[in-house]
Amino acid sequence: MQYPWHLYLMGAMYIVAGIIHFIKPQMYMRIMPRYLPAHKPLVFLSGLAEIFLGFLLFFSETKDLAIYGINLMLLVFLLVHFYMLSSKKAGADIPKWALILRIPLQFFLMYWAWFYLQF
C-alpha cells in the first residue's frame, strides 16, 4: 500500500532518533530520571524501540501496531520531559522555554502518529 510521504518521514525520524541513542548514549543518560534504574540499558532499550517502531511503520501489516507503540512510548517519554523541568542539571542546559515547549510538542507527535490510523 502506498502511504503519504510524511508517514515515511515519521518512520525515518524514529529510526534516526533510535540510532542516536547508540551513538550518544551519555546525552540520554544525563536526562534520565534518577528514580529509574539501569540508565544505560534503558537508553539502549528505548533506542531499539524507536528503531523497531520506525521500521514497523513502513508495512501495512504492522503500521497500526507501530502507531500504538509509538504513542505508548511517547507517553512514557513524558516522564523525562517533566523530569528535565525539575532542575537545571536535569534540564541539560536547555532553556526553560524550550523544555516547556517540548511537552505540547510531545502531544503533537502523538497526534501525528494517531492520524495515520485512518490509512
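**View 1. Phe115 counts as partly exposed, at 30% relative accessibility, in this predicted model.** Under the ring-pairing rule used here, the count comes to 9 aromatic pairs. Phe115 and Tyr116 make one of these pairs, in edge-to-face geometry, with 5.2 Å from centre to centre and 80 degrees between the planes. Phe115 also pairs with Phe119, again edge-to-face, at 5.6 Å centre to centre and 65 degrees between the planes. Both angles earn the edge-to-face label because planes over 60 degrees apart are classed that way. How accessible are the two partners? Tyr116 is buried, with a relative accessible area of 0%, whereas Phe119 is partly exposed at 37% relative accessibility.

**View 2. Four aromatic residues gather into one cluster.** Its members are Tyr3, Tyr8, Phe55 and Phe58. Two annotations help to place them along the chain. Residues 8–89 are covered by the UniProt annotation "domain: Methylamine utilisation protein MauE", which comes from an unreviewed entry. In the model, the C-alpha atoms at the two ends of residues 8–89 are 35 Å apart, and this span is 77% helix and 0% strand.

**View 3. Helix 1 and helix 5 cross at an angle of about 130 degrees.** Helix 1 takes in residues 5–23, and its axis lies 10 Å from that of helix 5. The arrangement counts as oblique, because an angle of about 130 degrees falls outside the parallel, antiparallel and perpendicular ranges. The crossing of these two helices is left-handed. Which side chains should you look for at the contact? From helix 1 come His6, Leu9, Met10, Met13 and Tyr14, and they meet Leu109, Trp112, Ala113 and Phe115 of helix 5. Phe115, the partly exposed residue of View 1, therefore turns up here too, among the helix 5 residues that helix 1 meets.

**View 4. Helix 4 and helix 5 pack with their axes 9 Å apart.** The angle between them is about 170 degrees, and helix 4 is therefore roughly antiparallel to helix 5. The cut-off for that term is an angle over 145 degrees. Helix 4 brings a long list to the contact, including Ile67, Tyr68, Ile70, Asn71, Leu74 and Leu75. Further along helix 4, Phe77, Leu78, His81, Phe82, Met84 and Leu85 are also among the contacting residues. On the helix 5 side, the residues they meet include Lys96, Leu99, Ile100, Arg102, Ile103 and Gln106, and also Phe107, Leu109, Met110, Ala113 and Trp114. Leu109 and Ala113 of helix 5 take part in the contact with helix 1 as well.

**View 5. Asn71 sits in helix 4.** Is Asn71 buried or exposed? With a relative accessibility of 11%, Asn71 counts as buried, because buried means under 20%. Once neighbours within four places in sequence are set aside, Asn71 is in contact with Met110, Ala113 and Trp114.

**View 6. Two loop residues other than glycine have positive phi.** Ala38, with phi near 50 degrees, is in the loop between helix 2 (25–29) and helix 3 (39–56). Asp93, with phi near 60 degrees, is in the loop between helix 4 (63–86) and helix 5 (96–115). Ala38 is partly exposed, at 47% relative accessible area, whereas Asp93 is exposed at 59%.

**View 7. Gln26 and His39 have C-alpha atoms 9.6 Å apart.** Along the chain, 13 residues separate the two. Gln26 belongs to helix 2 and is exposed, with a relative accessibility of 53%.

**View 8. Four spans carry the UniProt feature "transmembrane region".** The unreviewed entry places them at residues 6–22, 42–59, 65–85 and 97–117. How helical are two of these spans in the model? Residues 42–59 are 83% helix and 0% strand, with 26 Å between the end C-alpha atoms. Residues 97–117 are 90% helix and 0% strand, and their end C-alpha atoms lie 32 Å apart.

Notes: Residues are numbered from 1 along each chain as its sequence is written. This is a predicted model: local features need pLDDT of at least 70, side-chain atom pairs count only at pLDDT 80 or more; totals for chains, interfaces and linings use all residues. Side-chain values use heavy atoms; hydrogens and water are left out. UniProt positions are given in the numbering used here, feature names are shortened, and annotations may be inferred rather than shown by experiment. Helices (H or I, at least four residues) and strands (E, at least two) are DSSP runs, numbered from the N terminus. Rings of Phe, Tyr and Trp (its six-membered ring) pair if their centres lie within 6.5 Å; planes under 30 degrees apart count as stacked, over 60 as edge-to-face and the rest as tilted. Buried means under 20% relative accessible area, exposed over 50%, partly exposed in between (1.4 Å probe, protein chains only). Axes are lines fitted to C-alpha atoms, for helices over the stretch in contact, and angles run from 0 to 180 degrees between N-to-C directions. Angles under 35 degrees count as roughly parallel, over 145 as roughly antiparallel, 65 to 115 as roughly perpendicular and the rest as oblique. A crossing is left-handed if the near helix is turned anticlockwise from the far one by less than a right angle, and right-handed if clockwise. Contact means heavy atoms within 4.5 Å.
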